[in-house]
Amino acid sequence: MIRTYVLLFAVLAVQAAVAQQAPAVSKTAFTAEALQQPLFALDGKQTTAGDVLEAYKGKTVLLYIWAMWCPDCLKGFPELKAFQAANPDVPVVYFSLDREEQRWKDGIEKFGLKGAHYWFKTEWKNDFTNAIDLNWIPRYLIINPAGGIAHYYAVKADDPALQQAVDKLAQ
């Protein structure tokens, strides 16, 4: 019995270690399929990832992928809010992987999440998440004013690389 628990623990530890590894290639653009991925706004209207990102052309954006069922996402909200306070000119766009629409909406209200909110309605796997090699949430990307990806992979809002990317784009 102890042997089984040790084996289970080892498998989970390896999985967690591998899951948080940055993808081998940092992409700088979204695929056409990713941009066509349907999303739903808080008012229930359907749009696409491309339309959402197009609305922010000319601005540096923090794209945050999260879900209410994700403990790391919830723990990271203070750091996310600190990033927002330090970068008031950087809009935050939230893409949610929640399984239930009401739980997603309740989380936005409960945690006072400021920004633009969209829901995949597909759970984890879809054309957008596949295109960005999503292997862990939370996931943060910095989108440059042209709509490309300035910083591809961060799993914490206080990752210095996020601020460095924003600062570099501001020059």
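This is a short walk through one predicted protein model, starting with its sheet and ending with its salt bridges.

Okay, hi everyone. Some housekeeping before we look around. The model is predicted, so local features need a pLDDT of at least 70 and side-chain atom pairs count only at pLDDT 80 or more, while totals for chains, interfaces and linings use all residues. Residues are numbered from 1 along each chain as its sequence is written, and side-chain values use heavy atoms, with hydrogens and water left out.

When I say helix or strand, I mean DSSP runs numbered from the N terminus: H or I with at least four residues for helices, E with at least two for strands.

Let's begin with the sheet. In what order do the strands of the open sheet come? The 7 strands run β2-β1-β5-β4-β3-β6-β7, and the pairing is mixed. The edges belong to β2 (46–48) and β7 (149–154); each has a single partner strand, so one side of each is left without a neighbour in the sheet. From one strand to the next, the twist averages 30°. For angles like that, axes are lines fitted to C-alpha atoms, for helices over the stretch in contact, and the angles run from 0 to 180 degrees between N-to-C directions.

Pairing here means that DSSP finds at least two bridges between two strands. As a reminder, strands of a sheet pair through backbone hydrogen bonds, either parallel or antiparallel. Take β3 and β4: they run parallel, joined by 5 bridges. If you want a spot to click on, Tyr64 stands opposite Tyr94 in β4. Then there's helix α5 (residues 77–86), which packs on the sheet and touches β3, β4 and β6. The direction of α5 makes about 170° with that of β3. Touching, or contact, means heavy atoms within 4.5 Å.

Next up, helix α6, residues 101–111. I'll be saying buried and exposed a lot: buried is under 20% relative accessible area, exposed is over 50%, and partly exposed is in between, with a 1.4 Å probe and protein chains only. So which residues of α6 are buried? Those are Trp104, Gly107 and Ile108. They cover an arc of only 100° around the axis, which puts them on the same side of α6. That arc is taken from the directions from the helix axis to the C-beta atoms. Flip to the other side of α6 and you find Glu109 and Lys110, which are exposed. And what covers the buried residues? The cover includes β1 (38–41), β3 (61–66), β4 (92–96) and β5 (116–119). Just after α6, Gly112 takes a positive phi of about 60°.

That brings us to the backbone oddities. In general, most residues other than glycine have a negative phi, and most peptide bonds are trans. Now look at Lys121, in the loop between β5 and α7. Lys121 is not a glycine, yet has a positive phi of about 65°. At 52% relative accessibility, Lys121 counts as exposed. Asp133 is another residue other than glycine with a positive phi, near 55°. You'll find Asp133 in the loop between α7 and β6. Pro138 has its place in the loop between α7 and β6 too, and the peptide bond from Ile137 to Pro138 is cis, with omega near 5°.

Last topic: salt bridges. The rule is a side-chain nitrogen of Lys or Arg within 4 Å of a carboxyl oxygen of Asp or Glu. How many does that give? The count comes to 4 salt bridges, and I'll show you some of them.

We've already met Asp133, which forms a salt bridge with Lys27, with the closest N and O atoms 3.3 Å apart. That pair links distant parts of the chain, 106 residues apart, with Lys27 sitting in the loop between α1 (2–19) and α2 (32–35). Both ends are partly exposed, Asp133 at 29% and Lys27 at 27%.

Here are two within helices. Asp72 and Lys75 meet at 3.8 Å, N to O. Both lie in helix α4 (residues 71–75), 3 residues apart, about one turn of the helix. Asp72 is partly exposed at 30%, whereas Lys75 is exposed at 59%. Back in α6, Glu101 forms a salt bridge with Lys105, the closest N and O atoms being 3.2 Å apart. They are separated by about one helical turn because they sit 4 residues apart in that helix. Glu101 is partly exposed at 32%, and Lys105 is partly exposed at 25%.

That's my tour, thanks!
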